[in-house]
Structures are given as C-alpha cells and as structure tokens.
Amino acid sequence: MARKSKKVDFVNVSDLGGQAATVPAPAKTACYKAALYARLSEETEANRERATIETQMELLRKFVAENDDMVVCKEYADVSYSGTNFERPGFEEMIRDMRSGLFNCIVVKDLSRLGRNYVETGNYIERVFPFFDVRFIAVTDGYDSNKSGEELLMPLKNMVNEMYVKDLSKKMKSAHRAYWKNGEYSSGAVPYGYVNVDRHLQPDDDVRENVQEIFRLFLQGSSLKEIARQLSRKAVNPAAYKKMRFGNEIPEGMNTEWNCVTVRSILTNYVYVGASVHNKRDRVNGKIVNVPEEEWIVIENTHEALIGREDFDMVQERLAENVANFHSTHGKNGFNHARFNLVGKKIVCADCGKVMGFRTEGTRHVNKFYRCKTYLDTAKKGCTNHKVSLDAVNKIVFETIHEHMNVCIDKEETVRRMNAKTNNLKKYDIYGKEADKIRKELQKTTEVKAGIFEDYRDKLIDEEQYVQISEKYAGKIKELTARLDELLKAQAAYSREYHIDEDWKAVVEKYLNKRKLTREMVEAFVDRVVVHEDARIDVYLKYDDVLNDLKTLSAEREAV
C-alpha cells in the first residue's frame, strides 16, 4: 500500500463567516480528536488586517501540535457574532458534530470565545460537554476539564465575561448620550430628507423638497392617499431611494411607490423642525422594546429644519382631528374587522402563501372582501390581486364543513351495519386463527435461535457456523413478524366494533345542527382556506384524513 503524505494543508478560516472547514488530522497517534473553535464579535478593517480569526486558529493549532494526546479533527469559526447568545452557525454546527460523535475534545482560545453568558456557558461546560464525554480546553485561561479543581475557576471566568458585556453596554449607552448632548447623530437610520455628515444631519438637496411638499399638500387639504399618489408620480419611496443613494440597484419586484403609512411617518417626525429625538427604543433581555414617549430624549436645534415649527404643530393638530373624526364615525376602535373576518389567518393566497388581507369598501363598509397581502404590500408587489368576497368565503367554508359532517355520520353508520354481517365476522375469525398460528411459529423460531447461541457459547459449533445459522433464523423471524403485522392490520380492518376518533365525533355532534358559520366552527374544523387568482376557493379541514380513512373502510365493507 502506498504511503500517504503527512503534509497538512490548513484552510484559512478568516473569510468563513460562520462556516466550518474540515482539516486533515496530522499523522500521529492520539486519544483526543479536537474541534477548534474561534469567534470574533465584529469584523472590522483592523481585524481583517490582523487576521484575528486566523490568529486564534494558529494559537489553537500550535497548542494541539504540542500535545501528543490529540489531533485536529475539524475547525469551526463565527465572524461578527456576539458571545452573549449561542445562535451562531459555526457553534451550532460544532454542537451537531459533537452529538454525532465526530470529536471528543473542544479547544478555544479563552472562555469568552465560547460565550460571555455566564449561565449558558457554564451549562455547556459543566453539563453538556461532560454528558457527551467531551474534554473542554480554554488555552490562555489555562482551563482543562480533565484537571481537578478547574471547576472552581470556570464560573468565575464566565461571570467576569458576562459582567464585561454588561459594562460595555453601559459604556456604549453613555457614549451615545454624550453624542446626543452635543447634537451629534451617532446611530440609527438617517431620516428621509437628510444625510449624515460627520455625525451631524444635513439636508439632502436631492429630496428635501419632497418632504416640504408633503407638509404643504397636507396643509392645503390633501389626504394621505392623495399625497402618496402625487409623490409616486415624481419620486421613489424612501426605502428605494436609500438603495439608490448608496449606489445599489433597486431589487426586482421591490415596490417604489409611496403609501399612506410612509407619508404619515414623515408628517409626525419631529426631526424636520431641527430637533433630534433619541431613546425611542431600548434592548431589554436581548429584545428591542419601545420606550414610553415621556422617556424619549429630545435635543432641540441640532440641525437645519426643513419645516417651520408653526406648520409642524398645525399638521399635528389636523392629524389629531382626523383621528377624532374617525372615532366619532366608526367608534373608538374603528371598524371591527374581527367581527366579520371569521377565518382570520387561516385564509391564504394560493400562489405566494401569504395570509389574505381583510378589506372593506364604501362609507358603511358595505363591500367586504379578501385580497392578497403580498399584492397589498407597500414594499413588494410580487403577486396578483386574488380578490374574493367575504360572502363567497363564508358560504363555501360552511358548505364544506357541513358536507364533511354529513359524510361522517353516513359512513360511520354504514361501517357499523356492514360489520354485523356474518361473512365479516367469519373473515375476522380467520385472520385471528392465522395470527395465532404465526405467533406460535414465531415463538418456536425465537427459542431455536436462542439455543444456537448457547451451542456456540458451549463450543458445540464454531463461529462461522453460528453466524450462518443465526442469520438464517433471524431472516425467518423477520419474515414471520412482517406477516403477523399484516394479519393484525387486516383483522383490525374487519373489527366488529369500529370507533371513530372521539374528539372528531364530539366536534361533529356539537356543530351538526348549526345553520350558519361561526368562528368556533372555523377553529374546530378548518385547517386553511386557499384562494386562487380566479377567485376559486379550496377548503382544507383538520379531519379530512380521518374522514378519508372512514370512507375507504366503508367502501371495503360494501364490496365484501
């Protein structure tokens, strides 16, 4: 046999972005197959120049090379992933490989590379890794799970790491607040109509007039919808403009038209009077939450205003009046869609799969209908109308449910009646007797197979004979078991007592006499309602598969 080269070519993982690279193991005898893991919180130009991930890997490779009891099995890396949680592609792949037994040792540069969350990191090191008999080593921290006393060091290190993250977060908040106090725009999306120059907002001369036109048209009496139509004829919406401004092409299918929501957001944004509003959102337990308005931080006169304060205040007054007028006409909560939309989120578009939007038309909401949400989406119109009336949906859903219930009652009675026939009872008994015969033969064969092992153990037969005879009887046992399963299934099909699913039967009996569709009926029966482009409607029920089984059994009974 030709000798294999011992040369090992390591893959540079600095550009992996969370992907793992398989690394051939050096040709040396070892009892530990090591997984090397490196993590970088944020990849910057400085980091790339220092090859931070690669530097970590080189350290780990050197460590493994200096230990005769281990070899490198595989390398894993996560670039631009925080250590405060474990939702990282490289780490998740490493854990999957660990569960499959690919390696039995994990090596990291230090404990913080594994994670900075004290509780979860400790859980992995103290519970998960030991459960899978995986050795864990943090090189620069001098931690090795194989060494006694290390369990005292690890919790302290993890606690320090978590405190570091919290302290860093506080420092970042303090830094942002210092920027805000000085009128600097340190973070967040730049409002439409402005550009960020050295942390200060300056008017964007290409679109500032669009912002001013929105305020002017509204004060002249135009509705939000009318303003959106006018702007759509002359300019793309802010989302599309942002891509164009940074030299990117507008993605195919992206909606470039303006809508009422975008217009209203501009009309209510305090930034256009020259003030900056900060601290609208905060991170709590890893989640972004809205901050109460009284806790917002407002800094006046931080940049050039596009709208006069008097005009801005007048716009807010009119918007408030519009809301009050709407509530006086439609009630405080407006039109109650839920009262009429009985199918809720169960109705979907056949083409894009999105939930259909419920809409109304007319001064008294006379026309009620569903329309594809992708078609209505303000950011992307990748589908067609799929418009269907509320009445049409309710009618076909109700008819489908009632047909389902009637068939259930009819077929159950058919099966019970046919089960009572003499020939079915005879067929049931035949299957039972045949099953008993196979059980006895199966027991006998199993005992013989067990006896063969005893003969082999007592050296009455050699290994080759044992394997040959054992395989023969194992095949026979498998064949008899399969045959018994078939007979038992056939016998069950001819059972003298057939009981449908009790939950299903209870639901059918509860709603059988209903004369119109209710939300409770939809919840009980409907899985989904699918609307096609030609307004055709397909209704899928939760118990369709059970009903099909009952219909099949009924047909079998009638054919006997």
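Colleague: By about how much of the helix are Glu 399 and Lys 395 separated in helix H14?

Modeller: In this predicted model, Glu 399 and Lys 395 form a salt bridge whose closest N and O atoms are 2.8 Å apart. Both residues belong to helix H14, which spans residues 390-419, and they lie four residues apart there, so the separation between them is about one helical turn.

Colleague: Is Lys 395 buried or exposed?

Modeller: Its partner in the salt bridge, Glu 399, has a relative accessible area of 40% and is partly exposed. For Lys 395 the relative accessibility is 52%, and because the class of exposed residues begins over 50%, Lys 395 counts as exposed.

Colleague: Which helices hold Glu 441 and Lys 476, and how many residues apart in sequence are the parts that this pair ties together?

Modeller: The side chains of Glu 441 and Lys 476 meet in a salt bridge, with an N to O distance of 3.9 Å, which falls within the 4 Å limit for such a pair. Glu 441 is partly exposed at a relative accessible area of 35%, and Lys 476 is likewise partly exposed, at 36%. Glu 441 lies in helix H15 (residues 422-457) and Lys 476 in helix H16 (residues 463-493), so the parts tied together by the pair are apart in sequence by 35 residues.

Colleague: Which residues are joined into one network by salt bridges that share partners?

Modeller: A search of the whole structure finds 21 salt bridges. Through shared partners, salt bridges join into one network the residues Glu 54, Glu 58, Arg 61 and Glu 75.

Colleague: What does Asp 110 count as, buried or exposed?

Modeller: Asp 110 and Lys 109 meet through their side chains in a salt bridge, at 3.1 Å from N to O. Lys 109 has a relative accessibility of 27% and counts as partly exposed. Asp 110, in contrast, has a relative accessibility of 10%, and because the buried class covers values under 20%, Asp 110 counts as buried.

Colleague: How are H8 and H10 oriented to each other, and how many charged residues does their contact have?

Modeller: The axes of helix H8 (residues 224-234) and helix H10 (residues 260-267) come within 8 Å and cross at roughly 100 degrees, and the two helices are therefore roughly perpendicular to each other. On the H8 side the contact is made by Leu 224, Lys 225, Ile 227 and Ala 228, and on the H10 side by Cys 260, Val 263, Arg 264 and Leu 267. Sorted by class, the contact has six nonpolar residues, no polar ones, and charged residues numbering two.

Conventions: Residues are numbered from 1 along each chain as its sequence is written. This is a predicted model: local features need pLDDT of at least 70, side-chain atom pairs count only at pLDDT 80 or more; totals for chains, interfaces and linings use all residues. Side-chain values use heavy atoms; hydrogens and water are left out. Axes are lines fitted to C-alpha atoms, for helices over the stretch in contact, and angles run from 0 to 180 degrees between N-to-C directions. Angles under 35 degrees count as roughly parallel, over 145 as roughly antiparallel, 65 to 115 as roughly perpendicular and the rest as oblique. Contact means heavy atoms within 4.5 Å. Ala, Val, Leu, Ile, Met, Phe, Trp, Tyr, Cys and Pro count as nonpolar, Asp, Glu, Lys and Arg as charged, and the others, Gly among them, as polar. Buried means under 20% relative accessible area, exposed over 50%, partly exposed in between (1.4 Å probe, protein chains only).
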